[in-house]
Amino acid sequence: MSVLPADVHSALNQLLHGLQSPDNVIRTQAEETLNSQWVQPRPDVLLMGLVEHLQAAEDPATRAFAAVIFRRVSNRTRRDPTSTDASPITRELFMTLAPPERDAIRSKLLLALTSEGTANVRNKTSDAVSEIARQFVDEGEQWPELLQALLACSQAADPDQREAAFRIFSSTPSIIETQHEEFVSAAFVKGFKDSDASVQLAAVEAFSSFFRSIMRKAQTKYYPLLPDILNILPPLKESQDSDALTRAFISLIELAEAAPKMFKPLFNNLVTFSVQVIQDKELGDNTRQNALELMATFAEHSPALCKKDPSFTNEMVTQCLSLMTDVGIDDDDAAEWNASEDLDLDDSEQNHIAGEQAMDRLANKLGGQALLPPTFNWLPRMMTSSAWRDRHAALMAISAISEGCRDLMIGELDKVLDLVLPALRDPHPRVRWAGCNALGQMSTDFAGPMQEKYAQVVLPAIIPVLESAEPRVQAHAAAALVNFCEEAEKAVLEPFLDTLLQHLLLLLQSPKRFVQEQALSTIATVADSAESAFGRYYDTLMPLLFNVLREEQSKEYRLLRAKAMECATLIALAVGKERMGGDAITLVQLLGAIQQHATDPDDPQTSYLLHCWGRMCRVLGQDFMPYLPDVMAPLLAMAGAKADIQLLDDDDQIATVEQDESWELVPLKGKVIGIRTSVLEDKHMAIELIVIYAQVLQGSFEPYVNDIMENIAIQGLSFFFHDPVRVASAKCVPQLLNSVKKAHGPESPQLRQLWENTVIKVLEVLTTEPAIDTLAEMYGCFYECVDVVGKNSLTPAHMTTFVESAKNVLEEFQVRVRERDEDAKDREEGEEESEDILFAIEDDQTLLSDMNKAFHTVFKNMGQAFLPAWETLLPFCDAFAANAEATQRQWAICIFDDVLEFCGPQSWKYQGHIVKPLVDGMRDDVAANRQAAVYGVGVAARFGGEAWAEFCAASLPVLFEATRRSNAREDDDVYATENACATIAKILHYSNSKVGNVGEVVTAWIDTLPVENDEEAAPYAYSFLAQLIDDRRNQSVLSQAAKCFTFIVQALEAETLQGQTATRIVGAAKVLVQSAGLDANALLSGMSVETQGLVRSFFG
């Protein structure tokens, strides 16, 4: 029975018809009426009226639309009428209604659900019920009638009612989260065993949603339900119900992501079934691909489980390769493919792409040892097959696996190239295209060895492909050359530049615009890598590019001109301002003319122009200043752009926005927020370019600093819609400070004023930044700013705030470590850490490193003044120093090093905290920690004063021990060894009062030389050696004169000695030769010709 009068229903009925009108004017008027006459003044009447329409309207479409509007209106936000002006509270609209009104509406809503007979209306009603249920859960309020109603639905005779119950459980799993597991399990098992397949699938989807919403430890209680879920699958396959099978696989994928261990007892059965589905060509492609996706998900989330299965890897490789041959159907001669110019055509839903992507994921997670044997069991046969699709698939497989299998494949590159290079001469164009693709991918994945060892075979093989008859093959060969050349040294490319550029110039004459565009990109990359060697082609290329830039071109040629701009400015960077002469100004003027006409919002020239201006600034330096005002106006507009955010509550609107790549959709409390990411990406790019201008122009950029700092950089630090914007802003702030410093001086009031306005915000983001990787960047921003402003840049209040923020960060870090340790206990033997955990560990290590740099910078600039604030962190330092995890020990030791280095004798106050970590650290098997510890002993000797002398003397045996480790001179350990050598020298020079046998120590110390790698340690070691040589009576040196001379030559040859230190040690070496009566020619005779030449250049 209706509780609202007839006139209300009549008005509401008219409103609903208006909201559905195809006439934009009528629909807009109806939306205004909805907001002004219903939502704002009488939401209770509106929601009750919609529910009564949902119950009583004769037309199913009207009932369905009433449910949609109910859901959409109910989660709008408004001020709670019970709140006060002093403490206003905003809540979702339904929850602001009086409790009696809410009870009445939700009761009618449940009646509508249980009585509805039309499937579409029932689904819309289910969505409305789910929305109200979510609001009650979020507010911590109860709706006991709902669970009772859903249980009744789940046991109803009508399967549609049973399905509706599970649909709501799926949308709002929190309804049953608090119920006892036996009750929940029974409800789901009943659904899994239902006689109706639709109910079974709804139950599986609801279980997946529920399972993922509960705590991990609680999930194990539901592992026994898996067999009942998997039993649903075979009948679906037998009935060839692709849509239903797809739904089932999607739920299984979600469960595999959450708890792959659950599948362990039945994994081989599931692998076998999935393979059967992938092989079954009678099923839909989407279903087959979802079966493959399930297997790839297991590889990503539990590689150990996959490796242990006897058939998984072989079967997956076989099925992936089979799917990859499903390419070019009905286009055997590639005529259609050749004719297409849409190179960005989205074919991601095709089987061959699914196969390639799965191979890539398998390689990255299982590794070469597991994947290469079955893959290369197939590839040679496929490459010699008469079917071009087999050859194409084999080459694309090589592209897919090279990154994940890099460690093993890199030693077999010659054999892989023996398979790939002949494909560049294949009669079929798509095979040649795939050969180019493989070479391009290998050039990136095997960067270094690919260019250094195989340029002589790769470049002569791929350059002729630029002459192919097919434009798509030409363009892809040029694209592969981009990958090869951007990782190549100038010396590698130089012998091939003539023939390479001749071919690329010919491509510029191609009738196909996409070929011309790619040729320009490749030329630009070659110029960037060849650097000055590109100069001899300048006179040929630059006039051609100028012609392109001068021509009045129609809209379709905008991208070509953008590529020409990119190419010209990269050539300018390669050859430099002097080589360009007057062309530099001409190019800048051309860019300015293009900018005046590039006014359309979709003009690609706009974004290219911004980067081109940045390059020309780097080329011209201060000569760029006259052009800066015209460049900065559009740049500042882009950098200052606000986030474009929309609340999307219409399903059609959501579907439309979802198709637009420039938007990102974020679900939030039953709503969908749309964020235009293209605007954010442009904002990020613009701020990065501002950083370049500030770096290059320095003091000349000062007129722009205050505006940018206030309106762009500082606001950007807390721009939470886009992490890269915050990162770019963090890099921008210190550069802006530096511009003011260069313009006005380090002690200027302008710099101090700007810093006072900036430091509070910089310190604030150390507490508010939510992303760990970005927080590290914020610490980088802070310490770079302090370094720019210099001594006494922080007040006591600033230092206290900094330490408090660091304390919070360290506490949160410790929580994350404990959580990871707990997770590790659940891992089975042989099970690897997930990629997410590895990334999280890496992010934490980076954060600790940047925090170390921040403490170092504050100690360096504030000295002892920082100690009172820092002392509150001593418990963390002590805990980290004793931790089993190497990164934490290093963090603590580095901070103790800073206390010793910058607080001098005052550091002795903390000797009870410092000594043991340094002693243990000198014996640490982790080289980085050993290096930090021995460095700490060295700064204690140099700056700590007499109080540290006994500790330094007692450390000598441990330091010598560090230099004599079996791996002391290996790459990972040599810096620790050389630091130990330098530290012994520091003790002997600065703090030898407690060293009882200096002569013996000096004699032994000489054997810790040479220092050939560490440019910071070398001056201390060799300055001390020079000091010993200057004392012509020192027998420790005279008795080992030849050895000392050799150590000096080794350091000079390694270039670890520069400037005055090199001059001094050369002078000392001359004295040594004379004092010890050495035969210099005899010493040189045992050295290489190059070394002899170097010695003579120093010694004359």
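How many of the 23 residues of α33 are buried? The legends below take up this point and others in a predicted model.

**View 1. The whole protein, a predicted model with 58 helices and five strands.** The C-alpha atoms fill a box of roughly 115 × 75 × 65 Å along the principal axes. Of the 1100 residues, 53% count as buried. Contacts with a separation of 6 or more were also sorted by sequence distance: residues 24 or more positions apart account for 72% of these.

**View 2. Helix α33, residues 558-580, is kinked.** The kink is about 75° and is centred on A574. End to end, the C-alpha atoms of α33 are only 25 Å apart. A straight helix of 23 residues would reach 33 Å at 1.5 Å a residue, so α33 falls short of that span. Burial answers the opening question: 18 of the 23 residues are buried, so α33 is largely enclosed by the rest of the structure. Just after the helix comes G581, with a positive phi of about 60°.

**View 3. Helices α1 and α3 cross at roughly 80°.** Helix α1 covers residues 6-19, and helix α3 covers residues 43-56. Their axes come within 10 Å. The crossing angle makes α1 roughly perpendicular to α3, because angles of 65 to 115 degrees count as such. On the α1 side, the contact residues are V8, H9, L12, N13 and L16. They meet V45, L46, G49, L50, E52 and H53 of α3. By class, this contact holds six nonpolar, four polar and one charged residues.

**View 4. Helix α55, residues 1041-1054, has the span expected of its length.** Its 14 residues should span 20 Å at 1.5 Å a residue. The end C-alpha atoms are 20 Å apart, which agrees. Just after α55, E1055 takes a positive phi of about 65°.

**View 5. The buried residues of α55 and what covers them.** Which residues of α55 are buried? They are A1041, C1044, F1045, F1047, I1048, V1049, A1051 and L1052. The cover includes α52 (998-1006), α53 (1017-1030) and α54 (1035-1038). It also includes α56 (1059-1076), α57 (1080-1085) and α58 (1089-1099).

Terms used. Residues are numbered from 1 along each chain as its sequence is written. This is a predicted model: local features need pLDDT of at least 70, side-chain atom pairs count only at pLDDT 80 or more; totals for chains, interfaces and linings use all residues. Side-chain values use heavy atoms; hydrogens and water are left out. Helices (H or I, at least four residues) and strands (E, at least two) are DSSP runs, numbered from the N terminus. The bend at a residue is the angle between axes fitted to the seven residues ending there and the seven starting there. Buried means under 20% relative accessible area, exposed over 50%, partly exposed in between (1.4 Å probe, protein chains only). Axes are lines fitted to C-alpha atoms, for helices over the stretch in contact, and angles run from 0 to 180 degrees between N-to-C directions. Angles under 35 degrees count as roughly parallel, over 145 as roughly antiparallel, 65 to 115 as roughly perpendicular and the rest as oblique. Contact means heavy atoms within 4.5 Å. Ala, Val, Leu, Ile, Met, Phe, Trp, Tyr, Cys and Pro count as nonpolar, Asp, Glu, Lys and Arg as charged, and the others, Gly among them, as polar.
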